[in-house]
Amino acid sequence: MIQLKKVRKSYGDFHLRDITLTINEGVIYGIVGESGSGKSTLLSILNLTTPIDEGELVIDGVHCETLTNSQQRALKQEMGMIFQEYHLLNNLTVLENVRLPLKLKGIKDVTKAIYWLEKVGLSGYDTTYPSQLSGGQKQRVALARALVTKPKYILLDEATSALDEYNAQLILQVLSEVHAEYQPTIMFVSHDLDKIKIFCQECLILDKGSISHIVTVTHNRKDELLASYPEKAFRRLTT
Ligand SMILES: Nc1ncnc2c1ncn2[C@@H]1O[C@H](COP(=O)(O)OP(=O)(O)OP(=O)(O)O)[C@@H](O)[C@H]1O
(Lines give C-alpha, C1' and ligand atoms only; values in the text may rest on other atoms or scores of the structure.)
Protein backbone atom coordinates (compact mmCIF):
# COMPACT_ATOMS: atom_id res chain seq x y z
CA MET A 1 0.00 0.00 0.00
CA ILE A 2 1.17 3.53 -0.75
CA GLN A 3 0.04 6.50 1.33
CA LEU A 4 0.52 10.13 0.48
CA LYS A 5 -0.25 12.72 3.13
CA LYS A 6 -0.40 16.39 2.19
CA VAL A 7 2.32 15.88 -0.42
CA ARG A 8 3.59 19.03 -2.14
CA LYS A 9 5.98 19.53 -5.03
CA SER A 10 6.67 22.78 -6.84
CA TYR A 11 8.39 23.61 -10.11
CA GLY A 12 8.34 27.38 -10.58
CA ASP A 13 4.67 28.34 -11.01
CA PHE A 14 3.49 24.73 -10.95
CA HIS A 15 2.42 23.28 -7.59
CA LEU A 16 1.34 19.74 -6.86
CA ARG A 17 -0.57 20.53 -3.69
CA ASP A 18 -1.80 18.67 -0.67
CA ILE A 19 -2.07 15.29 -2.33
CA THR A 20 -3.58 12.98 0.27
CA LEU A 21 -4.24 9.55 -1.15
CA THR A 22 -4.20 5.85 -0.31
CA ILE A 23 -3.17 3.57 -3.17
CA ASN A 24 -4.51 0.13 -2.33
CA GLU A 25 -2.86 -3.13 -3.27
CA GLY A 26 -3.99 -4.90 -6.38
CA VAL A 27 -6.09 -2.04 -7.76
CA ILE A 28 -5.73 -0.67 -11.31
CA TYR A 29 -5.85 3.13 -11.14
CA GLY A 30 -6.24 5.47 -14.07
CA ILE A 31 -4.83 8.98 -13.81
CA VAL A 32 -6.26 11.66 -16.09
CA GLY A 33 -5.99 15.42 -16.29
CA GLU A 34 -5.12 18.20 -18.68
CA SER A 35 -1.59 18.54 -19.97
CA GLY A 36 0.53 20.06 -17.20
CA SER A 37 -1.83 19.00 -14.38
CA GLY A 38 0.93 16.98 -12.69
CA LYS A 39 0.30 13.37 -13.76
CA SER A 40 3.94 12.56 -14.63
CA THR A 41 5.15 14.41 -11.54
CA LEU A 42 2.90 12.25 -9.35
CA LEU A 43 4.19 9.04 -10.98
CA SER A 44 7.83 10.08 -10.61
CA ILE A 45 7.20 10.81 -6.91
CA LEU A 46 5.76 7.30 -6.50
CA ASN A 47 8.75 5.89 -8.39
CA LEU A 48 11.09 7.75 -5.98
CA THR A 49 12.66 9.59 -8.91
CA THR A 50 11.35 12.98 -7.73
CA PRO A 51 11.75 13.94 -4.05
CA ILE A 52 8.75 15.67 -2.45
CA ASP A 53 9.01 19.19 -0.96
CA GLU A 54 6.58 18.63 1.92
CA GLY A 55 4.27 15.98 3.32
CA GLU A 56 4.67 12.25 3.75
CA LEU A 57 5.12 9.36 1.33
CA VAL A 58 4.83 5.92 2.88
CA ILE A 59 5.39 2.85 0.69
CA ASP A 60 4.69 -0.53 2.25
CA GLY A 61 5.12 0.99 5.68
CA VAL A 62 8.46 2.64 4.84
CA HIS A 63 8.64 6.44 5.28
CA CYS A 64 10.32 7.67 2.12
CA GLU A 65 11.56 11.03 3.43
CA THR A 66 14.25 9.26 5.45
CA LEU A 67 15.25 6.37 3.22
CA THR A 68 18.67 4.80 3.38
CA ASN A 69 20.25 3.98 0.00
CA SER A 70 19.59 0.27 0.42
CA GLN A 71 15.91 0.87 1.36
CA GLN A 72 15.54 3.09 -1.70
CA ARG A 73 17.09 0.41 -3.94
CA ALA A 74 14.80 -2.25 -2.47
CA LEU A 75 11.66 -0.15 -2.97
CA LYS A 76 12.66 0.84 -6.50
CA GLN A 77 12.98 -2.84 -7.36
CA GLU A 78 9.27 -3.19 -6.55
CA MET A 79 8.44 -0.55 -9.19
CA GLY A 80 8.14 -1.25 -12.90
CA MET A 81 7.89 2.06 -14.74
CA ILE A 82 7.31 3.11 -18.31
CA PHE A 83 8.30 6.73 -18.87
CA GLN A 84 6.74 8.94 -21.52
CA GLU A 85 10.10 9.16 -23.30
CA TYR A 86 10.77 5.41 -22.76
CA HIS A 87 14.24 5.96 -21.14
CA LEU A 88 15.83 3.04 -23.02
CA LEU A 89 19.62 2.89 -22.96
CA ASN A 90 20.77 3.50 -26.53
CA ASN A 91 24.14 1.79 -26.13
CA LEU A 92 22.46 -1.48 -25.11
CA THR A 93 20.59 -3.89 -27.38
CA VAL A 94 16.88 -4.50 -26.92
CA LEU A 95 17.55 -7.74 -25.02
CA GLU A 96 20.14 -6.06 -22.79
CA ASN A 97 17.67 -3.26 -22.00
CA VAL A 98 15.02 -5.77 -20.94
CA ARG A 99 17.57 -7.76 -18.90
CA LEU A 100 18.78 -4.73 -16.98
CA PRO A 101 16.32 -4.89 -14.02
CA LEU A 102 17.08 -8.61 -13.66
CA LYS A 103 20.82 -7.92 -13.61
CA LEU A 104 20.29 -5.27 -10.91
CA LYS A 105 18.66 -8.00 -8.85
CA GLY A 106 21.65 -10.30 -9.51
CA ILE A 107 19.69 -12.61 -11.85
CA LYS A 108 21.84 -13.82 -14.75
CA ASP A 109 19.28 -16.07 -16.45
CA VAL A 110 18.08 -14.49 -19.70
CA THR A 111 14.99 -16.69 -20.16
CA LYS A 112 12.52 -14.21 -18.64
CA ALA A 113 13.80 -11.33 -20.78
CA ILE A 114 13.36 -13.45 -23.92
CA TYR A 115 9.87 -14.50 -22.74
CA TRP A 116 8.78 -10.87 -22.25
CA LEU A 117 10.14 -9.71 -25.61
CA GLU A 118 8.11 -12.45 -27.24
CA LYS A 119 5.04 -11.49 -25.18
CA VAL A 120 5.13 -7.88 -26.47
CA GLY A 121 5.55 -9.08 -30.06
CA LEU A 122 9.27 -8.32 -30.41
CA SER A 123 10.93 -11.71 -30.64
CA GLY A 124 13.71 -11.49 -33.22
CA TYR A 125 14.69 -7.99 -32.08
CA ASP A 126 17.18 -9.18 -29.39
CA THR A 127 20.26 -7.69 -31.01
CA THR A 128 18.57 -4.55 -32.38
CA TYR A 129 19.48 -1.19 -30.81
CA PRO A 130 16.77 1.27 -29.63
CA SER A 131 17.76 3.83 -32.29
CA GLN A 132 16.67 1.31 -34.94
CA LEU A 133 13.14 1.02 -33.49
CA SER A 134 9.92 2.95 -34.05
CA GLY A 135 8.30 4.82 -31.13
CA GLY A 136 5.74 2.06 -30.67
CA GLN A 137 8.43 -0.64 -30.65
CA LYS A 138 10.43 1.33 -28.06
CA GLN A 139 7.29 1.57 -25.94
CA ARG A 140 6.88 -2.21 -26.08
CA VAL A 141 10.54 -2.76 -25.10
CA ALA A 142 9.93 -0.41 -22.16
CA LEU A 143 6.87 -2.50 -21.20
CA ALA A 144 8.87 -5.75 -21.33
CA ARG A 145 11.56 -4.13 -19.18
CA ALA A 146 8.94 -2.87 -16.69
CA LEU A 147 7.33 -6.29 -16.29
CA VAL A 148 10.35 -8.61 -16.37
CA THR A 149 10.90 -8.64 -12.60
CA LYS A 150 7.20 -9.13 -11.74
CA PRO A 151 7.07 -5.83 -9.83
CA LYS A 152 4.52 -5.14 -7.12
CA TYR A 153 3.78 -1.68 -8.56
CA ILE A 154 3.49 -0.98 -12.28
CA LEU A 155 3.58 2.72 -13.21
CA LEU A 156 2.67 3.56 -16.80
CA ASP A 157 3.04 7.07 -18.21
CA GLU A 158 1.13 7.22 -21.51
CA ALA A 159 2.15 3.62 -22.19
CA THR A 160 -0.13 3.19 -25.18
CA SER A 161 0.06 6.67 -26.69
CA ALA A 162 2.63 5.90 -29.42
CA LEU A 163 0.84 2.74 -30.47
CA ASP A 164 -1.68 1.94 -33.16
CA GLU A 165 -4.98 0.50 -31.94
CA TYR A 166 -3.88 -3.13 -32.44
CA ASN A 167 -0.69 -2.73 -30.38
CA ALA A 168 -2.44 -0.61 -27.74
CA GLN A 169 -4.96 -3.42 -27.27
CA LEU A 170 -2.10 -5.96 -27.17
CA ILE A 171 -0.44 -4.02 -24.35
CA LEU A 172 -3.67 -3.69 -22.37
CA GLN A 173 -4.29 -7.40 -22.87
CA VAL A 174 -0.78 -8.24 -21.62
CA LEU A 175 -1.28 -5.97 -18.59
CA SER A 176 -4.67 -7.53 -17.86
CA GLU A 177 -3.12 -11.01 -17.95
CA VAL A 178 -0.35 -9.84 -15.61
CA HIS A 179 -2.94 -8.37 -13.26
CA ALA A 180 -5.04 -11.55 -13.34
CA GLU A 181 -1.89 -13.59 -12.57
CA TYR A 182 -0.54 -11.83 -9.47
CA GLN A 183 -2.58 -8.64 -8.83
CA PRO A 184 0.08 -5.93 -8.92
CA THR A 185 -1.05 -2.36 -8.24
CA ILE A 186 -1.13 -0.50 -11.57
CA MET A 187 -1.12 3.28 -12.13
CA PHE A 188 -2.08 4.05 -15.73
CA VAL A 189 -1.68 7.65 -16.90
CA SER A 190 -3.58 8.26 -20.11
CA HIS A 191 -5.52 10.88 -22.05
CA ASP A 192 -7.63 8.10 -23.54
CA LEU A 193 -10.81 7.78 -21.47
CA ASP A 194 -11.98 4.73 -23.43
CA LYS A 195 -8.84 2.85 -22.39
CA ILE A 196 -9.23 4.00 -18.80
CA LYS A 197 -12.80 2.74 -18.88
CA ILE A 198 -11.92 -0.65 -20.27
CA PHE A 199 -8.82 -1.22 -18.13
CA CYS A 200 -9.04 0.66 -14.81
CA GLN A 201 -11.05 0.16 -11.64
CA GLU A 202 -10.53 3.57 -10.02
CA CYS A 203 -9.57 6.85 -11.65
CA LEU A 204 -7.85 9.91 -10.18
CA ILE A 205 -8.71 13.16 -11.92
CA LEU A 206 -5.99 15.79 -11.55
CA ASP A 207 -6.71 19.47 -12.00
CA LYS A 208 -3.89 22.05 -11.81
CA GLY A 209 -1.85 19.99 -9.34
CA SER A 210 -4.70 18.81 -7.11
CA ILE A 211 -6.82 15.66 -7.13
CA SER A 212 -10.30 16.96 -7.98
CA HIS A 213 -12.10 13.59 -8.06
CA ILE A 214 -11.51 9.91 -7.37
CA VAL A 215 -13.99 7.94 -9.45
CA THR A 216 -14.88 4.27 -9.31
CA VAL A 217 -15.02 3.21 -12.94
CA THR A 218 -18.34 1.58 -13.78
CA HIS A 219 -19.00 -0.81 -16.64
CA ASN A 220 -15.37 -1.88 -16.51
CA ARG A 221 -14.84 -4.24 -19.42
CA LYS A 222 -11.64 -5.91 -18.27
CA ASP A 223 -13.07 -9.39 -18.95
CA GLU A 224 -13.20 -8.42 -22.58
CA LEU A 225 -9.45 -7.83 -22.63
CA LEU A 226 -8.82 -11.26 -21.18
CA ALA A 227 -11.15 -12.99 -23.59
CA SER A 228 -9.69 -14.53 -26.71
CA TYR A 229 -10.70 -13.00 -30.02
CA PRO A 230 -13.86 -15.00 -30.88
CA GLU A 231 -15.48 -14.44 -27.47
CA LYS A 232 -14.38 -10.82 -27.53
CA ALA A 233 -15.94 -10.26 -30.94
CA PHE A 234 -19.06 -12.13 -29.86
CA ARG A 235 -19.48 -9.96 -26.75
CA ARG A 236 -18.80 -6.74 -28.67
CA LEU A 237 -21.41 -7.65 -31.22
CA THR A 238 -24.02 -8.87 -28.81
CA THR A 239 -23.84 -6.58 -25.75
N1 LIG B 1 11.84 18.23 -13.83
C2 LIG B 1 11.10 19.34 -13.99
N3 LIG B 1 11.66 20.55 -13.95
C4 LIG B 1 10.91 21.67 -14.07
N5 LIG B 1 9.59 21.67 -14.28
C6 LIG B 1 8.97 20.49 -14.36
C7 LIG B 1 9.68 19.26 -14.22
N8 LIG B 1 8.79 18.23 -14.31
C9 LIG B 1 7.58 18.80 -14.52
N10 LIG B 1 7.68 20.14 -14.53
C11 LIG B 1 6.56 21.09 -14.70
O12 LIG B 1 5.51 20.67 -13.85
C13 LIG B 1 4.24 20.83 -14.49
C14 LIG B 1 3.49 19.50 -14.48
O15 LIG B 1 4.16 18.62 -15.40
P16 LIG B 1 3.75 17.10 -15.59
O17 LIG B 1 4.69 16.53 -16.61
O18 LIG B 1 3.69 16.45 -14.27
O19 LIG B 1 2.28 17.24 -16.19
P20 LIG B 1 1.39 16.15 -16.95
O21 LIG B 1 0.02 16.26 -16.39
O22 LIG B 1 2.05 14.81 -16.89
O23 LIG B 1 1.44 16.72 -18.43
P24 LIG B 1 1.35 15.95 -19.87
O25 LIG B 1 -0.05 15.39 -19.97
O26 LIG B 1 1.59 17.03 -20.86
O27 LIG B 1 2.41 14.90 -19.87
C28 LIG B 1 4.53 21.40 -15.87
O29 LIG B 1 4.33 22.78 -15.82
C30 LIG B 1 5.98 21.05 -16.12
O31 LIG B 1 6.60 22.00 -16.93
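These legends describe close-up views of a predicted model. Local features need pLDDT of at least 70 and side-chain atom pairs count only at pLDDT 80 or more, while totals for chains, interfaces and linings use all residues. Residues are numbered from 1 along each chain as its sequence is written.

**View A. The shell around the ligand.** Tyr-11, Phe-14, Gly-33, Ser-35, Gly-36, Ser-37, Gly-38, Lys-39, Ser-40 and Thr-41 surround the ligand. Each has its C-beta atom, placed from the backbone, within 6 Å of the ligand. Helix α1 (residues 39-46) supplies the largest share, 3 residues. Helices (H or I, at least four residues) and strands (E, at least two) are DSSP runs, numbered from the N terminus. By class, the shell holds 2 nonpolar, 7 polar and 1 charged. Here Ala, Val, Leu, Ile, Met, Phe, Trp, Tyr, Cys and Pro count as nonpolar, Asp, Glu, Lys and Arg as charged, and the others, Gly among them, as polar.

**View B. Helix α3 (residues 94-104) and its cover.** Val-94, Asn-97, Val-98, Arg-99 and Pro-101 are buried (20 or more other C-beta atoms within 10 Å of the residue's own, all placed from the backbone). Their cover includes α4 (111-119) and α5 (135-147), with contact set at C-beta atoms, placed from the backbone, within 7 Å. Just after α3, Gly-106 has a positive phi of about 80 degrees.

**View C. Strands β1, β4 and β5.** β1 (residues 2-11) pairs antiparallel with β4 (residues 54-59) over 5 bridges; pairing requires at least two DSSP bridges. Ile-2 sits opposite Ile-59 in β4. β4 also pairs antiparallel with β5 (residues 62-63), over 2 bridges. Val-58 has His-63 in β5 as bridge partner. The β4-β5 hairpin has 2 residues between the strands, and Asp-60 takes a positive phi near 50 degrees.

Conventions
A residue is buried if 20 or more other C-beta atoms lie within 10 Å of its own, exposed if 12 or fewer, and partly exposed in between; C-beta atoms are placed from the backbone. Two residues are in contact if their C-beta atoms, placed from the backbone, lie within 7 Å.
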